[in-house]
Amino acid sequence: MTAALFWEKFYQGKTERAARKALESYVRRGVLAALGADRSLGRFSEMVYTLTLPALKVLEAHGVALLRTARTPRVNFKELDHDLRVARLRMAFERSPELEGMFWVSDFELRCGISPNVKAEFLRGRLDVEKWRCSPVPGNRRTPDGYFEASSKGVRCSFILEYEHARYPGARLRDVVLYLDRGFPDALRLVVCQNVPQGQRMLRELKRRVQRPELWLVSTYEKVLSAPFTEAWANVVELRM
């Protein structure tokens with residue numbers, strides 16, 4: 001998380017300076033680690049903050065966060081812009097009054113073998129954590145950018161988030177369709193593209209590739225951030241954005 005995202009998520013109504021001071025306090029207390037650019041530059045969003053291993057262990061002991069291994073999550077700076085946009089998309093979903101009772105599994109958790117069922121059992125206090133840690137993690141497989149469940153108009157639904165930051169070549173799009181069909185056969189697929197031309201291409205490509213087009217919804221990054229959730233999406237069946 002950057003300071004800008006921290007301010008947007010937790011410090012709305014206060015100044016960016018107050019958010020930055022709070023982050024610096026967490027770093028001094030060992031709750032967060034500050035990574036990346038030199039803080040002496042004074043730019044608000046250059047540093048990247050991540051929870052430290054001691055903080056993660058405390059969260060796990062309180063039944064909040066599940067750890068696969070005893071190490072701090074790494075930050076891939078090559079994918080940072082993509083990851084920050086995914087975080088903003090998640091925040092937009094969490095703010096939406098049309099989505100209630102949200103249960104989220106991040107891409108990091110999915111890569112660690114924390115499936116929706118595993119996380120749900122952990123949050124209920126029913127998971128044998130040590131036995132789970134000894135189970136193998138599926139290797140060399142793609143994971144989506146997030147999975148979540150929420151109630152909309154009284155109906156509980158499951159959703160998959162896939163953010164296309166750079167245009168997917170045909171082989172990668174084929175893999176995306178395949179692993180989502182196999183791994184999450186009944187979830188609604190929310191495909192977010194960087195811009196309208198990418199979104200229009202995505203609709204055309206999905207139309208000819210997918211077997212259940214009614215499960216695939218496409219939008220653009222800016223539209224998801226600005227429009228009501230139920231008005232942000234184009235259905236592959238309709239082929240209109």
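Which residues in helix 1 meet which residues in helix 4? Let's work through that and a few related exercises together.

This is a predicted model, where local features need pLDDT of at least 70, side-chain atom pairs count only at pLDDT 80 or more, and totals for chains, interfaces and linings use all residues. Residues are numbered from 1 along each chain as its sequence is written, and side-chain values use heavy atoms, with hydrogens and water left out.

**Exercise 1. Describe the packing of helix 1 against helix 4.**

Step 1: Locate the elements. Helix 1 covers residues 3-10 and helix 4 residues 80-95; helices (H or I, at least four residues) and strands (E, at least two) are DSSP runs, numbered from the N terminus.

Step 2: List the contacts, meaning heavy atoms within 4.5 Å. Ala4, Leu5, Glu8 and Lys9 of helix 1 meet Leu84, Ala87, Arg88, Met91, Glu94 and Arg95 of helix 4.

Step 3: Sort them by class. The contact of helix 1 with helix 4 has five nonpolar, no polar and five charged residues. (Ala, Val, Leu, Ile, Met, Phe, Trp, Tyr, Cys and Pro count as nonpolar, Asp, Glu, Lys and Arg as charged, and the others, Gly among them, as polar.)

Step 4: Read the geometry. The axes are 11 Å apart, at an angle of about 5°. Axes are lines fitted to C-alpha atoms, for helices over the stretch in contact, and angles run from 0 to 180 degrees between N-to-C directions. Helix 1 and helix 4 are therefore roughly parallel; angles under 35 degrees count as roughly parallel, over 145 as roughly antiparallel, 65 to 115 as roughly perpendicular and the rest as oblique.

**Exercise 2. Classify the angle between helix 1 and helix 2.**

Step 1: The axes of helix 1 and helix 2 (residues 16-28) come within 9 Å and cross at roughly 110°.

Step 2: That makes helix 1 roughly perpendicular to helix 2.

Step 3: Ala3, Phe6 and Trp7 of helix 1 make the contact with Glu16, Ala19, Ala22, Leu23 and Tyr26 of helix 2. By class, this contact has seven nonpolar, no polar and one charged residues.

**Exercise 3. Lay out the open sheet and find its edges.**

Step 1: Six strands are ordered 3-4-5-6-7-8, with mixed pairing. Two strands pair if DSSP finds at least two bridges between them.

Step 2: Strand 3 (100-106) and strand 8 (234-235) are at the edges with a single partner strand each, so one side of each has no neighbour in the sheet.

Step 3: Follow the pairings. Strand 3 and strand 4 (residues 146-152) are antiparallel over five bridges, and glutamate 100 has serine 151 as its bridge partner. Seven bridges join strand 4 to strand 5, again antiparallel, while strand 5 and strand 6 pair in the parallel sense over six bridges.

Step 4: Check the turn. The hairpin of strand 4 and strand 5 has two residues between the strands, and lysine 153 there takes a positive phi near 55°.

**Exercise 4. Classify the ring pair of tryptophan 104 and phenylalanine 148.**

Step 1: The whole structure holds 12 aromatic pairs. Rings of Phe, Tyr and Trp (its six-membered ring) pair if their centres lie within 6.5 Å; planes under 30 degrees apart count as stacked, over 60 as edge-to-face and the rest as tilted.

Step 2: The centres of tryptophan 104 and phenylalanine 148 are 5.1 Å apart and the planes are at 10°, so the pair is stacked.

Step 3: Tryptophan 104 lies in strand 3 and phenylalanine 148 in strand 4, so the pair ties together parts 44 residues apart in sequence.
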